[in-house]
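Colleague: I'm new to this one, so could you walk me slowly through a single part of it? Pick a spot you like, and tell me what surrounds it.

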Amino acid sequence: MAVPVIDFSKLNGEERAKTMAQIANGCEEWGFFQLINHGISEELLERVKKVCSEFYKLEREENFNNSTSVKIMNDLAENKNTGKLEHVDWEDVITLLDDNEWPQNPQEFRKTMAEYRSELKKLAEKMMDVMDENLGLPRGYMKKALNDGEGDNAFFGTKVSHYPPCPYPEHVNGLRAHTDAGGLILLFQDDKVGGLQMLKDGQWLEVQPLPNAIVINTGDQIEVLSNGRYKSCWHRVLVSTEGNRRSIASFYNPSLKATIYPAPKLVAEKENQQVDETYPKFVFGDYMDVYAKLKFQPKEPRFQAVVKAT
């Protein structure tokens, strides 16, 4: 069993219906799939790999090696402790937003990543249009919901992560198992060093490295908007003793002020009207307050907790 790989270019040809069905299956049965021929140039993607790897070497590697995570790990090994660190992630991370400070080194980092983020945002909106069509919703429904109406109010952030080699991988996760809080996630993962896994039917499966593919996964808010048709999927990152895994995840999330609830059309179509109790109406900012405390705990109680907290 392998995570689906979908040729996005075939949406525009004779195989459009087949490709739409593949995307529907990826959203409904998996929550994870990989896009190839997605329209982002390989030249740009190669530049992204280069600047992110150089940035880590120049600006982050030394600090990570002197970090609290490394110290805790070394202490654990020296004490011959066989336990696992449950509240530590073996991850170095920075977040890029339109209005925060970006690295200046290497010189090409800012220009390259700004160009990349622009292309990823366009791809996210194309993918949401496909989701709308597959769900029978008006074109632009999901984009409008995440943007809290008209305009460009959605949160679009990019997390640049590295998972350095770990001398004791049995003691720690690169990133603990969780579902993503927001909307649509587009991941450009390392094409040589693996480690990303998703949970499918009770089994952890590797999201296999595939050169210049973009991994798509749906977050909690897409699950709500789709009235449960599209599930946000549990995933994690394992570490290894070899290789420095690069991971660049972009998040198309709702505005913090956006009110999120199942699309009324999808509620009306579902026989079990109890679904309203599973996915209540809430403000995304309130959900994020709950998520920050319960990120690594079971997903379903979070939807109810956000109502109780407001």
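Modeller: Let's settle one word before we start: a contact, or touch, means heavy atoms within 4.5 Å. L294 gives a short example, since it touches R302 and A305, not counting residues up to four places away in sequence.

This is a predicted model, so local features need pLDDT of at least 70 and side-chain atom pairs count only at pLDDT 80 or more, while totals for chains, interfaces and linings use all residues. Residues are numbered from 1 along each chain as its sequence is written, and side-chain values use heavy atoms, with hydrogens and water left out.

My pick is D180. You'll find D180 in the loop between β5 (175-178) and β6 (184-189); strands here are DSSP runs of E with at least two residues, helices are runs of H or I with at least four, and both are numbered from the N terminus. Despite sitting in a loop, D180 counts as buried because its relative accessibility is 8%. The cut-offs are under 20% for buried, over 50% for exposed and partly exposed in between, with a 1.4 Å probe and protein chains only.

So who is around D180? Leaving out residues up to four places away in sequence, D180 touches I185, N217, G219, D220, H235, F251 and Y291. The side chain of D180 also makes two polar contacts you can look for: one of 3.0 Å with the side chain of N217, and one of 3.4 Å with the side chain of H178. A polar contact is a pair of N or O atoms within 3.5 Å; within protein, one must be able to donate a hydrogen and the other to accept it, and residues adjacent in sequence count only if both atoms are side-chain atoms. For a sense of scale, the C-alpha atoms of D180 and L266 are 22 Å apart, with their places 86 residues apart along the chain.

I185 takes us onward, as it is touched by D180 and also by S250. S250 belongs to strand β11 (residues 245-253). With a relative accessible area of 0%, S250 is buried. Other residues that S250 touches include Y116, L120, F156 and L184, and its side chain makes a polar contact of 3.0 Å with the side chain of T158.

A few other loops are worth a visit. N212 lies between β8 and β9 (214-218), and its phi is near 60°, a positive value in a residue other than glycine. N212 is buried, since its relative accessible area is 9%. D201 has a positive phi too, of about 55°, in the loop between β7 (196-200) and β8 (203-206). Unlike N212, D201 counts as exposed, because its relative accessibility is 67%. Then there's P106, in the loop between β3 (92-96) and α4 (109-135); the peptide bond leading to it from N105 is cis, with omega near 5°.

Back to L294: it lies in helix α9 (residues 284-294) and counts as partly exposed, because its relative accessibility is 22%. L294 and V283 are eleven residues apart in sequence, and their C-alpha atoms are 17 Å apart in space.

Now zoom out. The protein chain has ten helices and 13 strands, and its C-alpha trace spans about 60 × 45 × 40 Å along the principal axes. Of its 310 residues, 51% count as buried, D180 being one of the buried residues. Among contacts with a separation of 6 or more, 80% come from residues 24 or more positions apart.
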